[in-house]
Amino acid sequence: MPFDPPLMLETTRLVLTPIRATDVQALFSIQSDRVGMRYWNHPAWIDLKQAYVQILDDLAALEAGTQLKLAIREHVDGPLLGIVVVFAIDETSRRAEIGYHLAPSAQGKGYMHEALSRFTAYLLDELRMRRLEAEIDPRNVPSAKVLERIGFQREGLLRERWRVAGEVSDSAVYGLLAREWQDRADPAPR
């Protein structure tokens, strides 16, 4: 799926733009935080090279149209606060999976609701996706609340889905249909 460059999504307080090579240190900082990575599907990073490799993969996937990872910032030249990503895109079915992560220092300010709402609006309203899915650790209550506030519904539980750093965890599966998004009471922040 081609993404129109230069892509920039704006909200009242935030700007979402494709991740850049200069985000490597900030991305490493976010993904190396053991507490912040507790509910992720891979352990906390331990080497800066992991961030370099991830960003190179993200940029290649953007070019190929198979994934879109956007950096969350307070302004275009601001530091990386977190990411939103769409992947596993099935153009025939018009469905995809989303993911998101926010630096611990940026949490508790409503940034993820704002960023994910705008990203969801882009995917459903502008790209005309029919269905979005998200998979989270069910113990991650703040993540579940963000999804539910946007309109995602919990659709099931995948028991003992992941084993990360020796810990086995379940996955809660959430879904949002475009028709439900159109009927929502909480419009996306602009």
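Which backbone oxygen lies 3.0 Å from a polar atom of the side chain of R130? In this predicted model, the oxygen in question belongs to S93. R130 itself sits in the loop that runs between helix 3 (111–126) and strand 6 (131–136). With a relative accessibility of 42%, R130 is classed as partly exposed. Beyond residues up to four places away in sequence, R130 touches S93 and R94, and also L176, L177 and A178. The C-alpha atoms of R130 and K69 are 19 Å apart in space, and the two residues are 61 apart in sequence.

The chain as a whole contains five helices and eight strands. In sequence order these elements follow the pattern β-β-α-α-β-β-β-α-β-α-β-β-α. The C-alpha trace spans about 45 × 40 × 35 Å along its principal axes. The radius of gyration of the chain is 16 Å, which agrees with the value near 16 Å for a compact globule of 190 residues. Of the 190 residues, 48% are buried. Among contacts with a separation of 6 or more, 62% are between residues 24 or more positions apart. The exposed area of the chain is about 9900 Å², and carbon and sulfur atoms supply 51% of that area. The chain carries 24 positive and 27 negative charges, and the mean positions of the two sets are 3 Å apart.

Strand 6, which spans residues 131–136, includes E133. E133 counts as buried because its relative accessibility of 16% is under the 20% limit. The side chain of E133 is joined to that of R95 by a polar contact of 2.8 Å. R95 is also one of the residues in contact with E133 once neighbours within four places in sequence are left aside; the others are A96, E97, I98, F152, Y174 and G175.

A second buried position is T11, at 8% relative accessibility. T11 is placed in the loop between strand 1 (9–10) and strand 2 (15–18). A polar contact of 2.4 Å is found between the side chains of T11 and E114.

Strand 7 covers residues 153–164 and contains G156. The relative accessibility of G156 is 24%, so this residue counts as partly exposed. Apart from residues up to four places away in sequence, G156 touches S171, A172 and V173. Between the C-alpha atoms of G156 and R73 the separation is 32 Å, with these positions 83 residues apart along the chain counted as their distance in sequence. E160 is likewise found in strand 7. E160 is exposed because its relative accessibility of 63% is over the 50% limit. The phi angle of E160 is positive, near 45 degrees, in a residue other than glycine.

A positive phi also occurs at A88, where the value is near 50 degrees. Most residues other than glycine have a negative phi. A88 belongs to strand 4, which covers residues 82–90. The relative accessible area of A88 is 34%, and the residue is therefore partly exposed.

Strand 8 (residues 167–177) includes E167. E167 is partly exposed, at 29% relative accessibility. The side chains of E167 and R38 make a polar contact of 3.1 Å. R38 is accompanied by R139 and W162 among the residues that E167 touches, not counting those up to four places away in sequence. E126 is 41 residues from E167 along the chain, and the C-alpha atoms of these two residues are separated by 39 Å.

The side-chain polar contacts described here join E133 to R95, T11 to E114 and E167 to R38. For R130, by contrast, the partner described is the backbone oxygen of S93.

Technical notes:
Residues are numbered from 1 along each chain as its sequence is written. This is a predicted model: local features need pLDDT of at least 70, side-chain atom pairs count only at pLDDT 80 or more; totals for chains, interfaces and linings use all residues. Side-chain values use heavy atoms; hydrogens and water are left out. Helices (H or I, at least four residues) and strands (E, at least two) are DSSP runs, numbered from the N terminus. Buried means under 20% relative accessible area, exposed over 50%, partly exposed in between (1.4 Å probe, protein chains only). Contact means heavy atoms within 4.5 Å. A polar contact is a pair of N or O atoms within 3.5 Å; within protein, one must be able to donate a hydrogen and the other to accept it, and residues adjacent in sequence count only if both atoms are side-chain atoms. The radius of gyration is taken over C-alpha atoms; the globule rule is 2.2 Å times the number of residues to the power 0.38. Accessible areas come from the Shrake-Rupley method with a 1.4 Å probe; for residues, only the protein chains shown count as cover. Lys and Arg count as positive and Asp and Glu as negative; His and the chain ends are not counted. The place of a charge is taken as NZ of Lys, CZ of Arg, CG of Asp or CD of Glu.
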